[in-house]
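Reader: I've got a model on my screen and a few terms I'd like explained. Could you walk me through it?

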Amino acid sequence: MSDIFNDAMIRLTDVFKNIELPDDVRAHLKHPKMALAVNIPVRMDDGKLQVYKGYRVQFDDTRGPTKGGVRFHPAVSLDEVTSLSFWMTIKCAVAGLPFGGAKGGVIVDAKTLSRMELERLSRGYIRAIADVIGPRRDIPAPDVYTNATIMGWMADEYYQIKREHVPGVITGKPVHLGGSLGREAATGQGALFVLQLWALRNGMKPGSTRIAVQGFGNAGYHFAQLAHQAGYQVVAIADSKGGIYSENGLDPDLIMAHKRSRRELKSMLYCDASVCEEAEHKIISSKAFLHLDVDVLALAALENQVTEANARHIRGNHVLEIANGPVDSKGDAILEERKIPVLPDVLANAGGVTVSYFEWVQNRAGLYWEEQEVNERLKKIMEREADCIFDLAKRKGITLRTAAYLHGVERIMGAIQEQGTQEYFQGSVS
Ligand code: NAD
């Protein structure tokens, strides 16, 4: 395993310093249980056969069936998918959900495919991994460049293979196909609940809190829009092509409407336009965006955005990790030294998997909740876990990330120990 996974493992070093862990637990946390690599043949619109490489990694299932999204991106690798599956294991434990962690991905520039090609690829991916997923085994969901429509195709393909309707196999589906109300905005909503609790504890007032949001997709857009609605000042927004800035604050809904109105409907699933095409606001480069002087730098794009190379230039007073792994371990150490608190991904973006859990529960019960109930339940979980983690960090004098990992690892350790560890079996040998 290479870079990202090794970097993810470094985060455990601080956790190990703060907790006595049996060797069995360390072993579980260091090795994925299963990694599947598949080749997916797809008939393209011009008649050619194109083969795409995909992965599904199940990291640990001690606490329940594994859960994790599927990413369509040219930079997908086994290393990245494994790291993401590890983070999902920790995240599900942090949120107290009865799931282990998994992740999937396909190496593809999805924006270059037609809608039909995308459907064939999505269905092909499910055919390739159908034997290892299921509502009681491993449950995929959306991630970068996959969405509710794609989840609908994937679920349908699974039903055809199994010859039965099992909506609990995939979450993040469209609402009319068994999706949960509130799932679309859940990651952004959960991140806002965490930020609001942090703000309350640290005397930050929404009206005077200036936020920059990097990434304007599912997670970033909903976070920006809900934060704006809650009275925070969203002063900057960036996507993959660059960012916009306004001292007086931006209206995320207007920016999104503008972006959508300009999009070229290539596959009709992705917005090809950029926030930078907004004529009214100051345009800034991706690099300058990360150096903005704001109260909260919310990172909702991809991993490794803050590293050793730029962590000393970050001027945000607080970093909110809505993406997975946006700050690497060296960047983290620099932010810690500079006393910039980082609200860590495994807590801050757990809203998505939490409402995915609600969707799975509703699918299995056949009983559907109103959006208000979904959001109330989400708020309760996010605030309960954030409160524990903020207290733990304060009590032990550790970073919020180490506290969050510690909180999750304690739950994983409990599950592993109750199944029996070396100590347990040594005791039984006469
Ligand atoms: P998405 O595909 O909907 O959006 C990604 C956004 O990031 C796009 O706006 C894209 O333009 C932007 N982007 C890409 N590279 C960028 C760069 N270098 N600089 C600035 N912007 C850039 O994806 P998403 O679902 O919103 O996921 C974003 C992150 O949140 C990922 O790390 C994902 O794993 C994480 N996450 C998502 C969910 C979810 O429910 N969607 C849940 C938990 C975590």
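Reader: Let's start with F72: what stands opposite F72 in β4?

Author: That's V106. Keep in mind that this is a predicted model.

Reader: What makes β3 and β4 count as paired strands?

Author: Two strands pair if there are at least two bridges between them. Strand β3 (residues 66-73) and strand β4 (residues 100-107) have six bridges, in the parallel sense, so they pass that cut-off.

Reader: Which sheet do they belong to, and what is the strand order?

Author: An open sheet of five strands, ordered β1-β2-β4-β3-β5, with mixed pairing.

Reader: Why are β1 and β5 called edge strands?

Author: Each of them pairs on one side only: that goes for β1 (34-43) and for β5 (138-142). On average, neighbouring strands in this sheet are turned by 25 degrees against each other, ignoring direction.

Reader: What packs on this sheet?

Author: Helix α4 (residues 115-129) does, touching β1, β2 (49-60), β3 and β4. Its direction makes about 140 degrees with that of β1. Antiparallel starts over 145, so α4 against β1 counts as oblique.

Reader: How do you know that α1 and α3 are roughly parallel?

Author: Helix α1 (residues 3-18) and helix α3 (residues 78-94) pack at about 25 degrees, with axes 7 Å apart. Angles under 35 degrees count as roughly parallel, so the label fits this pair.

Reader: Which residues make that contact?

Author: From α1 you have D3, I4, F5, A8, M9 and L12, and from α3 there are D79, E80, T82, S83, F86 and W87. They split into seven nonpolar, two polar and three charged residues.

Reader: On to the other sheet: what is the strand order there, and why do β9 and β12 stand at the edges?

Author: Seven strands make an open sheet, β9-β8-β7-β6-β10-β11-β12, again with mixed pairing. β9 (282-284) and β12 (342-343) have a single partner strand each, so one side of each is left without a neighbour in the sheet.

Reader: How do you know that β11 and β12 pair?

Author: Two bridges join β11 (residues 318-321) to β12, running parallel. The cut-off is at least two, so the pair just qualifies. L320 has L343 as its bridge partner in β12.

Reader: And what makes α7 roughly antiparallel to β6?

Author: Helix α7 (residues 218-229) runs at about 165 degrees to β6 (210-214). That is over 145, so roughly antiparallel is the right term.

Reader: Last one: what makes the Y145 approach to the ligand a polar contact?

Author: A backbone N or O atom of Y145 lies 3.0 Å from a ligand oxygen, and the limit is within 3.5 Å, so it counts. D239 also qualifies, because one of its backbone N or O atoms is 3.3 Å from a ligand nitrogen.

Technical notes
Residues numbered from 1 in each chain as written. Predicted model: local features only at pLDDT ≥ 70, side-chain atom pairs only at ≥ 80, totals over all residues. Heavy atoms only, no water. Helix = DSSP H or I, 4+ residues; strand = E, 2+ residues; numbered from the N terminus. Contact = heavy atoms within 4.5 Å. Axes fitted to C-alpha atoms, helices over the stretch in contact; angles between N-to-C directions. Parallel < 35°, antiparallel > 145°, perpendicular 65-115°, else oblique. Nonpolar A, V, L, I, M, F, W, Y, C, P; charged D, E, K, R; others polar. Polar contact = N/O pair within 3.5 Å; in protein donor to acceptor, adjacent residues only side chain to side chain.
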